[in-house]
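Student: Please take one part of this structure, look at it closely, and then work outward to the helix packing and the charged pairs. I would like the reasoning set out in one connected account.

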Amino acid sequence: MSFHKVLLSELKLWTSGRSRWRSRLHDGVSRSGKVSFSSCSPKVCIVGSGPAGFYTAQHLMKARQDVEVDIYERLPVPFGLVRFGVAPDHPEVKNVINTFTQTAKHSHCNFYGNVTVGKDVSVEELQQAYHAVVLSYGAEGNRSMRIPGEDLAGVYSAKDFVGWYNGLPNYQSGMSGSYYLSCETAVVLGQGNVAIDVARILLSPIDMLKTTDITQPALEALAASQVRRVLIVGRRGPMQVACTIKELREMVNLPGTKPDMLAADFDGVAQAVKDVPRPRRRLTELMLKTALEIPGEKEQARRNKASRIWGFRFFRSPIEVLADPDRNRTTAIRLAINRLEGSGEGARAVLTGEVEDVSCGLVISSIGYRSLPINGSVPFDTHKAIIPNTMGRVQQAAGLYCSGWLKTGPTGVIATTMNNSFDTARSLVEDMDSGILHVSSAKPGSQVISALLEKRGVKPVTFSDWEKIDHVEVRRGEAVGKPREKLLSVEEMLQVAQR
């Protein structure tokens, strides 16, 4: 029987037995252990349980007391990039999980993990079961460098590397222990916050990392790492660097390390920085100080003891990863030397015709994440890698919305995602209030979707199931002096959840 026929039969059953459902729901409790609500309540489905999904849900329930929100997530565990993207040595950023937990435990919210939309249930089926569907599944793809050698052993995307040390399932075998950390020099391509995170993790003292929630296999591999020098490469100049001052300051103050910059990269910067906005000026001034100023006695003593080196390399673009012909693995990267045309944020890198080769055994590309289409029925701009939308309303698709990186592209920090998700929620509420979105007719919501999933052999993980996983991870972490020791496979997560 086709998906649509199954859904149609479930909808007929739901409609014919609605009075029976109402009496049961009035007194009953849903499968997730929460009080169930009237079938006439506006029902919204959110696909993705990262910051965008949770912030959208939070604002919806705050703006409309009657709305019911169901959050569907591919993995058995919630929180998306807060769990799998935020660096392990940034626990303060992860505190937002406390807010998301309150949202998930709200009486009008349900979490369904271990459900892959597009495979276990289609977007069309969700649209028939809910008044509105919000796509917030983030950016799971990588931007390709499109250069020869990027498939060599020893070349990784930052997304894969971050997923490895943060315990993202299916990313645990790629680093093969410490094998690819057996080189002296690593090159990170890109100069945003993720690139700085990668450089910092590669060079951090193990004593700093072992009290974080970094995975044990990653900790062991980094403890055995021979990487002593990390170069952070960007195609433009110091005035265009994309990281924040917080990230740069952490790098500057990282114990056991010292900076290595090229003075020529900063020609004219001291004069130009006087005319830029304050955040950019403070960031650039810290770079200038680090690169050019003679350090004080205390800082010089610290640098003299350093055994590891980091540095920015500006005005350089990768053109080829070079291989050891005997082992087919990375031995160097060839960089084109650029000059800038224009100034400020709009400055453009132009090739000069010069190149240089930098010896390295590890290349990590941090040039951006990329959203992927969910299926052919949902509009998708392949060039921008976003869903075309107006304030979160998906173009030419009534009742369909998007938030987060899927809406804007992979930009900003968690607070940026919060604001863009609130905007999407406001658009949805406006459409409910104005009648553009018809919420007066009853929709079955998770009742029908749960039945479909059961027929397809899919067992969703509820938020209370996640709390079992959370409890086990925290307990394991306590045993080794860490905030948690993450479960690293979906199978292990499901074993704990289904106890």
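Tutor: With a relative accessible area of 1%, Phe79 falls under the 20% limit and therefore counts as buried. This is a predicted model, and what follows should be read in that light. Phe79 sits in the loop that runs between strand S2 (68-72) and helix H4 (80-84). Its backbone deserves attention as well, since phi of Phe79 is near 90 degrees, a positive value in a residue other than glycine. Most residues other than glycine have a negative phi.

Ala385 can be set beside Phe79, for phi of Ala385 is near 55 degrees, again a positive value in a residue that is not glycine. The loop that holds Ala385 lies between strand S15 (369-370) and strand S16 (389-390), and with a relative accessibility of 5%, Ala385 is counted as buried. A positive phi of about 75 degrees is also taken by Gly457, just after helix H17. That helix, residues 446-455, has eight of its 10 residues buried, so it is largely enclosed by the rest of the structure. The buried residues of H17 are Ser446, Gln447, Val448, Ile449, Ser450, Ala451, Leu452 and Leu453.

From the backbone we can turn to the packing of helices, beginning with helix H3 (residues 51-63) and helix H5 (residues 96-104), whose axes are 10 Å apart and which pack at an angle of about 50 degrees. At that angle H3 and H5 are therefore oblique to each other, and their crossing is left-handed. On the H3 side the contact is made by Pro51, Phe54, Tyr55, Ala57, Gln58 and Met61, and on the H5 side by Val96, Thr99, Phe100, Thr103 and Ala104. Sorted by class, the contact of H3 with H5 consists of eight nonpolar and three polar residues, with no charged ones.

A second pair of helices can be described in similar terms. The axes of helix H7 (residues 158-166) and H8 come within 10 Å, and they cross at roughly 50 degrees, which makes H7 oblique to H8. The crossing of H7 and H8 is left-handed. Here Ala158, Phe161, Val162 and Tyr165 of H7 meet Val194, Asp197, Val198, Ile201 and Leu202 of H8. In the contact of H7 with H8 there are eight nonpolar residues, no polar residues and one charged residue.

Asp197 leads on to the charged pairs, since it is linked with Asp89, Glu92, Arg200, Lys246, Glu247 and Glu250 in a network of salt bridges. One of the pairs to examine here is Glu250 with Arg200, which form a salt bridge whose closest N and O atoms are 3.5 Å apart. Glu250 belongs to helix H11 (residues 245-252) and Arg200 to helix H8 (residues 193-203), so this pair ties together parts that are 50 residues apart in sequence. The partners differ in exposure class: Glu250, at 24% relative accessibility, counts as partly exposed, whereas Arg200, with a relative accessible area of 2%, is buried.

Another salt bridge joins Asp213 and Lys486, with 3.9 Å between the closest N and O atoms. Asp213 is in the loop between helix H9 (206-209) and helix H10 (216-223), while Lys486 is in the loop between helix H18 (463-479) and helix H19 (490-497), so the pair ties together parts that are 273 residues apart in sequence. Asp213 and Lys486 are both buried.

A local pair offers a contrast with these. The side chains of Asp423 and Arg426 meet in a salt bridge at 2.6 Å, N to O, and these two residues, being three residues apart in helix H16 (residues 414-434), are separated by about one helical turn. Asp423 counts as partly exposed at 23% relative accessibility, and Arg426 is also partly exposed, with a relative accessible area of 37%. Within the whole model, the count of salt bridges comes to 33.

Technical notes. Residues are numbered from 1 along each chain as its sequence is written. This is a predicted model: local features need pLDDT of at least 70, side-chain atom pairs count only at pLDDT 80 or more; totals for chains, interfaces and linings use all residues. Side-chain values use heavy atoms; hydrogens and water are left out. Axes are lines fitted to C-alpha atoms, for helices over the stretch in contact, and angles run from 0 to 180 degrees between N-to-C directions. Helices (H or I, at least four residues) and strands (E, at least two) are DSSP runs, numbered from the N terminus. Angles under 35 degrees count as roughly parallel, over 145 as roughly antiparallel, 65 to 115 as roughly perpendicular and the rest as oblique. A crossing is left-handed if the near helix is turned anticlockwise from the far one by less than a right angle, and right-handed if clockwise. Contact means heavy atoms within 4.5 Å. Ala, Val, Leu, Ile, Met, Phe, Trp, Tyr, Cys and Pro count as nonpolar, Asp, Glu, Lys and Arg as charged, and the others, Gly among them, as polar. A salt bridge is a side-chain nitrogen of Lys or Arg within 4 Å of a carboxyl oxygen of Asp or Glu. Buried means under 20% relative accessible area, exposed over 50%, partly exposed in between (1.4 Å probe, protein chains only).
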